[in-house]
Amino acid sequence: MSKICAHFDAYFGKWSASVGALCMLLVQRRADAQDVAFQSFLRLGGTKDHEIGEEDARILLFRSAVRLCDDYYLKKMHRRPGRKKLMQMSLPFPVTDALVSLLRLPFSRQAALALTQFGFSQSEVAEILGVRAQKAARLCADPGIPGWQEALASMSMTEDEALVLSDRICERFAERSVDVENAIHDARNAFDRIAPVLALLVLEFRGGS
């Protein structure tokens, strides 16, 4: 069985609802959002620092969630669902004007707003998103959407969903070496990100030869 970081249960209890809301906001499909949340908690549970403190764990978890959502977004290239599509998805929260407007914002803007709502400072948002402080300030600025905070809160993971996710995580740690699995997954995602650049370099090399 993989060794899980010492305070994983406490961290999961504190942040599962927020991670669920963040993933739902950025992925916009319930089952896929839950899968991304699952992978995010595996990153935390399987960290090499098994005694990781709360602040470092919090940054690691939410940075992993944003990165995994970004990987999902780049790979799937889904069109953002409009109101009609959202209404057809049988979501467990109301489809309001605020929600529709929030979902139309750019990925990094959505992520920054969610992180500020979860209590992260602008400097922490910059660290999580990997951007400069000035850009983080722009991303965190009030979007002028009445009720966007309530719309985000409505997307939080339910207690039943959190229980299912917790059981799923425990099963995975019992079955596999999650730290190795995390490393392989990260390496695969890193290659996927640079693959288009490599392809362009190959084409340029062939064109010049």
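**Entry 1: a cysteine in helix 10**

I started with Cys 170, which I found in helix 10, residues 159-175. This is a predicted model, so I keep in mind that every value here is computed from it. Is Cys 170 buried or exposed, or somewhere in between? Its relative accessible area is 40%, so I noted Cys 170 as partly exposed. I also looked at what lies across from Cys 170 in the fold. The C-alpha atoms of Cys 170 and Leu 42 are 9.6 Å apart, although 128 residues separate the two along the chain.

**Entry 2: the other cysteines**

Next I wanted to know how many disulfides the whole structure has. My search returned 0. Cys 23 is in no disulfide, and the nearest cysteine sulfur to it, that of Cys 69, is 3.9 Å away. The cut-off for a disulfide is 2.5 Å between the sulfurs. I then checked how covered these residues are. Cys 23 has 0% relative accessibility, so I put it down as buried. Cys 140 comes out at 13%, and because of that value I count Cys 140 as buried too.

**Entry 3: a cavity beside Cys 23**

Cys 23 turned up again when I looked for enclosed spaces. I counted 2 cavities of 30 Å³ or more. I picked the second largest, with a volume of about 50 Å³. Its lining includes Cys 23, together with Gly 20, Met 24, Arg 30, Ala 33, Gln 34, Ala 37, Met 155, Met 157 and Glu 161. Which helices each supply at least two residues of this lining? They are helix 1 (8-27) and helix 2 (30-45). Helix 2 gives the most, with 4 residues. By character, the lining splits into 6 nonpolar, 2 polar and 2 charged residues.

**Entry 4: aromatic rings**

I moved on to the rings and found 7 aromatic pairs in the structure. For Phe 8 and Phe 41, the ring centres are 6.1 Å apart and the planes stand at 85°, so I logged the pair as edge-to-face. This pair links distant parts of the chain, with Phe 8 in helix 1 and Phe 41 in helix 2, 33 residues apart. Both Phe 8 and Phe 41 are buried. Phe 8 and Phe 41 also belong to a cluster, which ring pairs build together with Phe 12 and Phe 173.

My second pair was Phe 62 with Phe 120. Their ring centres are 5.0 Å apart and their planes are at 70°, so this pair is edge-to-face. Phe 62 sits in helix 3 (residues 54-76) and Phe 120 in the loop between helix 6 (107-117) and helix 7 (122-129), so the pair ties together parts 58 residues apart in sequence. Phe 62 and Phe 120 are both buried.

**Entry 5: charges over rings**

Phe 120 has another partner. The charged end of Arg 58 sits over the ring of Phe 120, 3.7 Å from its centre. I saw a similar arrangement at Phe 38, where Arg 168 lies over the face of the ring at 3.9 Å from the centre.

**Entry 6: helix 6**

I finished with helix 6, which comes before the loop holding Phe 120. How many of its 11 residues are buried? I got 8, so helix 6 is mostly covered. Among the buried ones are Phe 107, Arg 109, Gln 110 and Leu 115. Just after helix 6, Gly 119 takes a positive phi of about 100°.

Methods
Residues numbered from 1 in each chain as written. Predicted model: local features only at pLDDT ≥ 70, side-chain atom pairs only at ≥ 80, totals over all residues. Heavy atoms only, no water. Buried < 20%, exposed > 50% of the residue type's maximum accessible area, 1.4 Å probe, protein only. 1 Å grid on protein atoms, 1.4 Å probe; cavity = no way out; pocket = protein on both sides within 12 Å on 5 of 7 lines; lining within 4 Å. Points joined across faces, edges and corners; volume = space filled by probe spheres on them. Nonpolar A, V, L, I, M, F, W, Y, C, P; charged D, E, K, R; others polar. Phe/Tyr/Trp six-rings, centres within 6.5 Å; stacked < 30°, edge-to-face > 60°. Lys NZ or Arg CZ within 6 Å of the ring centre and 35° of its normal.
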